[in-house]
Amino acid sequence: MSKRRKAYVPKSFESVDGNRLSANMYASMLQSKAWLSLNKGAMVLYTYMKLQYYGARNIQDHPNTDFVFNKAMATKVYPLYTNMSQFRKDRDLLIEYGFIEYVENGKNTRTKSIYRFSDKWQSIK
């Protein structure tokens, strides 16, 4: 029988409440050429997208690698943007450098856009 792992308890400088979700980031990504090519807004947006991914329920008829991040989340849930054109620029940078990809674009159907995290950033030299 294997030993049961203890749950990670955040340190005092990591969280106010130990029961909150975490959006872990790894040094290999943070030191990559792709990450360093992003602007600060795209870096922050990616972090909030990871938080949304870990906190969201599964999307019906989609694999659990997909997540939703729309205008309401960028402006109201996580008050990141007042200018939606900047949100689109930051999102497009994340797609261009291989951090996320579209699964479904809800623009024409007036539904939520669905994204998926990607590892294509690893091939950018």
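**View 1. Gly98, not counting residues up to four places away in sequence, touches Ser118, Asp119, Lys120 and Trp121, where contact means heavy atoms within 4.5 Å.** The structure is a predicted model, in which local features need pLDDT of at least 70 and side-chain atom pairs count only at pLDDT 80 or more, while totals for chains, interfaces and linings use all residues. Residues are numbered from 1 along each chain as its sequence is written, and side-chain values use heavy atoms, with hydrogens and water left out. Gly98 sits in the loop between α5 and β2, with helices (H or I, at least four residues) and strands (E, at least two) taken as DSSP runs numbered from the N terminus. Just after α5, Gly98 adopts a positive phi of about 80 degrees. Its relative accessibility is 5%, so Gly98 counts as buried, the classes being buried under 20% relative accessible area, exposed over 50% and partly exposed in between (1.4 Å probe, protein chains only). The C-alpha atoms of Gly98 and Ala34 are separated by 8.0 Å, although these two residues lie 64 residues apart along the chain.

**View 2. Lys120, in the segment after β3, meets residues from an earlier part of the chain.** When residues up to four places away in sequence are not counted, Lys120 touches Tyr97, Gly98 and Glu101. From C-alpha to C-alpha, Lys120 and Phe99 are 6.6 Å apart in space, and they are 21 residues apart in sequence.

**View 3. Helix α5 buries Met84, Phe87, Asp90, Arg91, Leu93 and Leu94.** The partners against which the buried residues of α5 pack are α3, α4, β2 and β3. The expected span of a helix is 1.5 Å times one less than its number of residues, so the 13 residues of α5 should span 18 Å, and this agrees with the 18 Å between its end C-alpha atoms. For Leu94, leaving out residues up to four places away in sequence, the residues touched are Leu38, Ala42, Leu45, Tyr46, Met49, Phe99 and Ile100.

**View 4. The largest nonpolar core brings together 26 residues.** A nonpolar core is a set of buried Ala, Val, Leu, Ile, Met, Phe, Trp, Tyr and Cys residues joined through side-chain atoms within 4.5 Å. Within this core, the residues with the most contacts are Leu38, Phe69, Leu94 and Phe99. Two or more residues each come from α2 (33–37), α3 (40–55), β1 (66–68), α4 (71–77), α5 (84–96) and β3 (114–117). Of these elements, α3 supplies the largest share, with 5 residues.

**View 5. Gln52 is a residue of helix α3 and is in contact with residues further along the chain, among them Tyr78.** The relative accessibility of Gln52 is 12%, which means that this residue counts as buried. Once its neighbours within four places in sequence are set aside, the contacts of Gln52 are with Val68, Phe69, Met73 and Tyr78. Phe69 also appears in View 4, as one of the residues with the most contacts inside the largest nonpolar core.

**View 6. Arg110, in the loop between β2 (100–104) and β3, has a positive phi.** The phi of Arg110 is near 55 degrees, and the residue is one other than glycine. Most residues other than glycine have a negative phi. The relative accessible area of Arg110 is 80%, so this residue is exposed.

**View 7. Asn24 belongs to the segment before α1 (27–30).** With a relative accessible area of 41%, Asn24 is partly exposed. Between the C-alpha atoms of Asn24 and Tyr54 there is a separation of 9.8 Å, and the two residues are 30 residues apart along the chain.

**View 8. The whole chain, as a setting for the close-ups, has 5 helices and 3 strands.** Read along the sequence, these elements follow the pattern α-α-α-β-α-α-β-β. The chain has 125 residues, of which 30% count as buried. Among contacts in the chain with a separation of 6 or more, 55% are accounted for by residues 24 or more positions apart. The pair Gly98 and Ala34 from View 1, at 64 residues apart along the chain, illustrates a long separation in sequence, with 8.0 Å between the C-alpha atoms.
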